[in-house]
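Please look through the structure below before reading the points. They are set out for someone who has not seen it before.

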Amino acid sequence: MPRVGGDVRRYLRVEAMPHVWCPGCGHGQVAHGLATALERVAVPLDRLVLVGGIGCSGRTPFYFNANAMHTTHGRALAFATGIKLTRPDLTVITTMGDGDTAAIGGNHFIHACRRNIDLTAIVYNNGIYGMTGGQQAPTTPLGAKSVTTPLGSLEPPFDIVQLALAAGASFVARTTTFDFEELPALIADAIRHPGFSVVEVLTQCPTYFGRMNQLGDAVAMLDYERDMTLPQEEITKESLAGRMPLGVFRREVRPEYTAQYAALCARQKAGKAEAVP
Amino acid sequence: MKLVQGNEACALAAVRAGCRFYAGYPITPATEIMEWMARLLPPRGGVFIQMEDEIAALAAVIGASWAGAKAMTATSGPGFSLMQEHIGYAAMTETPCVIVDAQRAGPSTGLPTLPSQGDVMQARWGTHGDRAAIVLTAASVPDVYEVTVAAFNLSETYRIPVILLLDASLSHMRENVELPEVTVVDRRRPASLEGFRPFAGTEFIGLGEGAELVVTGLAHADSGRPRASDGPNLERMLRRSIDRLSAGEAEILRYHTRALDDAEVAILAYGITARSAAGAVDQLRAEGVRAGLLELQTLWPFPERLVAELAGRVEGLVVPELNLGQLVMPVRAAVNGATPVHHLGRADGHLFTPEEIGRAARAAMEAVHA
């Protein structure tokens, strides 16, 4: 396998480690992918704000040499919205889990997609709640076991890519921690994209999802990720067969909110501001 | 002179105080604040955004504050309940911001267009855990203007979310007023970034302003780094922020008095109820009853010493409020039996008349002299 990253250490806050993630957890791979992407895009450290939600993925900002805002469960995008609107010059990236994004934060997620503010949302999807000990998530596959679905889940899962597309996100992509080269490339594309971008990363949770569903260790789970997904270019009606497609699903440049807002303010200033005593 | 609505005065004052970010969600009877901010902010280069709910509104406000803007949101009952999570986050992260709650009768959807003072305890204790709190209120349109500016100033000085309680009647009341001159306080920046610990004091550096910040709702060290299982550190943080307010009592504690110096019976009131209480005092004085009014604008931190001192020199204290007994609880604790405390509460969406409060004060005096 070709070497993926350049020197990503400049972006990592090594003194904050060891990290909280379990052995074999895919979140470290996502963080490495993010660091690699940041290095490729050459985002200046003092212009970078990482905004985490609550859960395993939400801890990511602590391990980066950047401004880190660790917020509340599900609401990272709402905080990020306030930051970006106030300081459009900052690069603002959120790290959220699947429950964070699609359960408690579902409302914030769809509205962030709709507004098209230049934020990058990295969604770590391991199909389960890890931090609280392996409960069902809105992305848990039908029939899969968790500590709150010991007999198998009866709920159809959310497809986060479809959700983002339907809600109007202007850049939408999906990859996995198995696709170690694609991962930083897609995150870099998402950061460069001038609008709201979503990168869903399927990541392994061997501690809970893997153990409860007899998927084996972390390496076996990477194989599972490979087998349950299909790169876009290989998709035919027959080949997909229930697997999740990977790649970029939308890349569309359309009016970005903070630019539109700045234009609106400029027009207003040209007119007469209402006097305030 | 200008005819100004309570909510309008709040928006005008916010802009005057330097507010350059507003995020909100429509709700009666607070909505006009949002509508005014939508008109006032863009020409000043400020940001206005309507969010998807009140939870998101306060999240955006906190994000904006950390990005360097003086920021505010306004809401009412149900929205205020939704904001409790982020009031706690703002407290834990020592984020300056202002939250206006135009109180309406609850619980739940309640009486959306009718006034209440039912959020006095929620404003203090609504979020989980302990925290330092500043909660202000006002009784007239000019006071709304002054107290809104004070809310921003205190918020920036003490790095704390400040809650301003209005009510449906005051929010929608129009008064012919001269908007007063005010002093505006900005957040303090550290003299140097060398060795700056972002959570050691009240100096503030925003995101992207040269210090690498770590901001978290977890308990944290003065550096901002999480200390998620260090209990003594959390208690130290909480006590420090509470002590900071005690030290600043002189500027935090706002109140008015009326005919209080020689009063035999005192009425302790706040917000819109203080208007009726002032009328009651005037009527009682005209009848020869030595009544006086202590009108609190600062509800929290509760002015214990002020109330205890008053209790020591009157024959009775009457506490009217538009709820079934909230601020009377810390009043009773501060009075500590020194004088009888008579509570007058209502939660029917109506204001007290001066006559009702006057009757309660006379009854209190008769009980003493019986």
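**Helices on the sheet**

1. In this predicted model, helix α6 (residues 182-192) of chain A lies across β3, β4 (120-125), β7 (171-176), β8 (197-202) and β10 (244-251) of chain A, and runs at about 165° to β7(A). Helix α8 (residues 218-228) of chain A also packs on the sheet, where it touches β7, β8, β9 and β10 of chain A, with its direction at about 60° to that of β9(A). Helices (H or I, at least four residues) and strands (E, at least two) are DSSP runs numbered from the N terminus. Axes are lines fitted to C-alpha atoms, for helices over the stretch in contact, with angles from 0 to 180 degrees between N-to-C directions.

2. Residues are numbered from 1 along each chain as its sequence is written, while chains are lettered from A and ligands numbered from 1 in the order in which they are written. Local features need pLDDT (the predictor's confidence in each residue, from 0 to 100) of at least 70, side-chain atom pairs count only at pLDDT 80 or more, and totals for chains, interfaces and linings use all residues.

3. Strands β1 (residues 48-52) and β3 (residues 91-97) of chain A run parallel and are joined by 5 bridges. A:Leu48 stands opposite A:Thr91 in β3(A). Two strands pair if DSSP finds at least two bridges between them.

4. B:Gly126 sits in the loop between α5 (120-125) and β7 (134-137) of chain B. Beyond its neighbours within four places in sequence, B:Gly126 is in contact (C-beta atoms, placed from the backbone, within 7 Å) with B:Gln84 and B:Ile87.

5. Chain B averages a pLDDT of 97. The model scores ipTM 0.97 and pTM 0.97.

Definitions and conventions
Two residues are in contact if their C-beta atoms, placed from the backbone, lie within 7 Å.
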